[in-house]
Amino acid sequence: MKQLSQITPSICEIAKWAFTTRRVDRSDVHGLSTQLRHAKAGDLILCEIVEIGHHKKIQLAERRASISYPGDFVVLCLGDRYAPDQFLASAVIDDDLIDLVAGGGVAGRVDAAHEFMDDPTRLKPLGLLTNAAGHTINVADYALSALPANDRVTVIGVFGASMNSGKTTAASSLGHGLMRAGYAVAGVKATGTGAFGDFNSFEDGGAPALDFTDVGMATTFRTPLERIEAGFDTLVATAAERGAEVVVVEIADGVFQQETRAILQSSRIRDRLDGILFAAPDALSALGGVTVLKRVGLSPFAISGMISCSPMAAAEAAEVTGRPILSREDLWSPEVIARHVAPLMRGEPEDVAA
């Protein structure tokens with residue numbers, strides 16, 4: 001353990017800054033507030049790691065994973081989390097110790113956990129970061145400038161049946177395939193919990209990435225739909241300003257998660273989508289997803305995700321849903337893009353890549 005006689009803002013200079021804080025100008029830190037019980041979602045908090053639990057690494061702002069040690073100082077965001085395979089957590093500080101609820105840099109109080117989860121990594125909150133004016137620093141202070149909706153760029157949404165259904169692989173593979181087909185493409189993660197996995201996956205496939213942390217949200221769980229919609233508009237418009245013709249937008253979790261369900265039922269996001277790719281782990285989930293989407297007047301052009309790893313499961317899903325089942329390798333193919341995605345594009349036919 002590092003022994004310090006006094007907690008000062010200078011500790012932030014040796015602390016590990018998490019991915020969720022990546023847009024923050026660290027030179028803005030001038031003080032620490034101990035008014036921890038007044039903290040709100042998105043506020044930056046300096047913590048000391050007390051005990052290593054489930055999350056054994058911190059995803060850094062530099063987009064690499066750092067092994068955690070007891071005594072490490074970390075700068076995280078206070079936030080809520082909804083992860084059926086991991087934790088349900090709230091953005092509150094109501095004890096001497098709090099929990100690391102997401103490796104991308106979200107701290108809070110774990111309220112429930114999957115039965116097979118280890119205990120969370122425990123943190124001692126040392127103070128909220130404050131600026132020269134004495135105000136608590138929040139990631140929303142560093143959001144991209146708000147932009148109105150862009151109606152020219154094509155937007156393809158990627159939804160899934162659940163966590164770990166293969167959405168990220170499907171989304172990044174689609175982005176890679178669009179790039180190989182000659183389109184200028186960008187990847188956007190519009191909802192979820194701040195982490196670099198989805199962001200890096202898009203960029204590894206050749207698609208410049210943006211996510212909800214770019215519009216001032218460490219997580220989107222328990223965030224009003226209006227704010228998520230405004231963030232979506234800005235992210236898509238920013239991608240278009242930077243040259244994208246097509247934006248692949250991944251929506252977190254499954255179709256029954258509260259924000260995802262609200263998006264699908266009635267939202268500007270739903271109305272803006274030119275097509276939907278659905279990720280599922282098995283045939284029953286694929287049929288359930290198609291049925292749920294049909295109830296809200298939507299239909300995926302194809303199904304991908306974990307189901308595509310099994311020829312037998314894929315055959316079952318194709319039979320019961322009537323939709324093509326596309327593997328990641330299929331999505332890489334310009335021919336598959338031309339057959340299944342090009343008809344969804346906005347613009348004149350002669351502008352569509354063959």
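## Nonpolar cores

Of the 41 residues in the largest nonpolar core, which touch the most other members? In this predicted model, they are Phe159, Val247, Val249 and Ile307. Several elements each supply at least two residues of this core: the strands β12 (154-160), β13 (185-189), β15 (246-254) and β16 (275-279), and the helices α3 (225-241), α4 (258-265), α6 (283-295) and α7 (311-321). Helix α3 gives the most, with six residues.

A second core, separate from this one, has 27 residues. Val158, Val185, Phe202 and Ala302 are among them. Returning to Val249, its contacts, leaving aside neighbours within four places in sequence, are Val155, Ile156, Gly157, Val158, Val188, Ala190, Phe232 and Val236. Val158 is thus a contact of Val249 and also a member of the second core.

## Helix α2 and its packing on α1

Helix α1 covers residues 167-180 and helix α2 covers residues 196-204. Their axes come within 8 Å and cross at roughly 25°. An angle under 35 degrees counts as roughly parallel, so α1 is roughly parallel to α2. The crossing of α1 over α2 is right-handed. On the α1 side the contact involves Thr168, Ala171 and Ser172, and on the α2 side Asp198, Ser201 and Phe202.

Which residues of α2 are buried? They are Phe196, Asp198, Phe199, Asn200, Ser201 and Phe202. The α2 residues that meet α1, namely Asp198, Ser201 and Phe202, are therefore buried by the under 20% cut-off. Phe202 also belongs to the second nonpolar core. The cover over the buried residues of α2 includes α1 together with the strands β4 (57-59), β5 (65-67), β13, β14 and β15. After α2 comes Gly206, which has a positive phi near 100°.

## Helices α6 and α7

Helices α6 and α7 both contribute to the largest core, each with at least two residues. How far apart are their axes, and at what angle do α6 and α7 pack? The axes are 8 Å apart and the angle is about 25°. The two helices are therefore roughly parallel to each other, and α6 passes α7 in a right-handed crossing.

From α6, the residues that make the contact are Ala283, Ala286, Leu287 and Val290. From α7, they are Ala313, Glu316, Ala317, Val320 and Thr321.

## Cysteines

A disulfide is a covalent bond between the sulfur atoms of two cysteines. How many disulfides does a search of the whole structure find? The count is zero. Cys77 is in no disulfide, and the cysteine sulfur nearest to that of Cys77 belongs to Cys47, 11 Å away. The cut-off for a disulfide is 2.5 Å between sulfur atoms, so the pair Cys77 and Cys47 does not qualify.

Is Cys77 buried or exposed? Cys77 counts as buried because its relative accessibility is 0%. Cys309 counts as exposed, because its relative accessibility is 60%.

## The loop between β14 and α3

Arg222 and Thr223 are both found in the loop between β14 (209-211) and α3. Arg222 has a positive phi of about 65° although it is not a glycine. With a relative accessible area of 40%, Arg222 is partly exposed.

Thr223 is buried, at a relative accessible area of 12%. What does Thr223 contact, leaving aside its neighbours within four places in sequence? The contacts are Met217, Ile228 and Glu259.

## Strand β15 and the loop before it

Gly243 is found in the loop between α3 and β15. With a relative accessible area of 43%, Gly243 is partly exposed. The C-alpha atom of Gly243 is separated by 19 Å from that of Gly157, and the two residues are 86 residues apart along the chain. Gly157 is also one of the contacts of Val249.

Within strand β15 is Asp253. Asp253 is not a glycine, yet its phi is positive, at about 60°. The relative accessible area of Asp253 is 13%, so this residue is buried.

Notes
Residues are numbered from 1 along each chain as its sequence is written. This is a predicted model: local features need pLDDT of at least 70, side-chain atom pairs count only at pLDDT 80 or more; totals for chains, interfaces and linings use all residues. Side-chain values use heavy atoms; hydrogens and water are left out. A nonpolar core is a set of buried Ala, Val, Leu, Ile, Met, Phe, Trp, Tyr and Cys residues joined through side-chain atoms within 4.5 Å. Buried means under 20% relative accessible area, exposed over 50%, partly exposed in between (1.4 Å probe, protein chains only). Helices (H or I, at least four residues) and strands (E, at least two) are DSSP runs, numbered from the N terminus. Contact means heavy atoms within 4.5 Å. Axes are lines fitted to C-alpha atoms, for helices over the stretch in contact, and angles run from 0 to 180 degrees between N-to-C directions. Angles under 35 degrees count as roughly parallel, over 145 as roughly antiparallel, 65 to 115 as roughly perpendicular and the rest as oblique. A crossing is left-handed if the near helix is turned anticlockwise from the far one by less than a right angle, and right-handed if clockwise.
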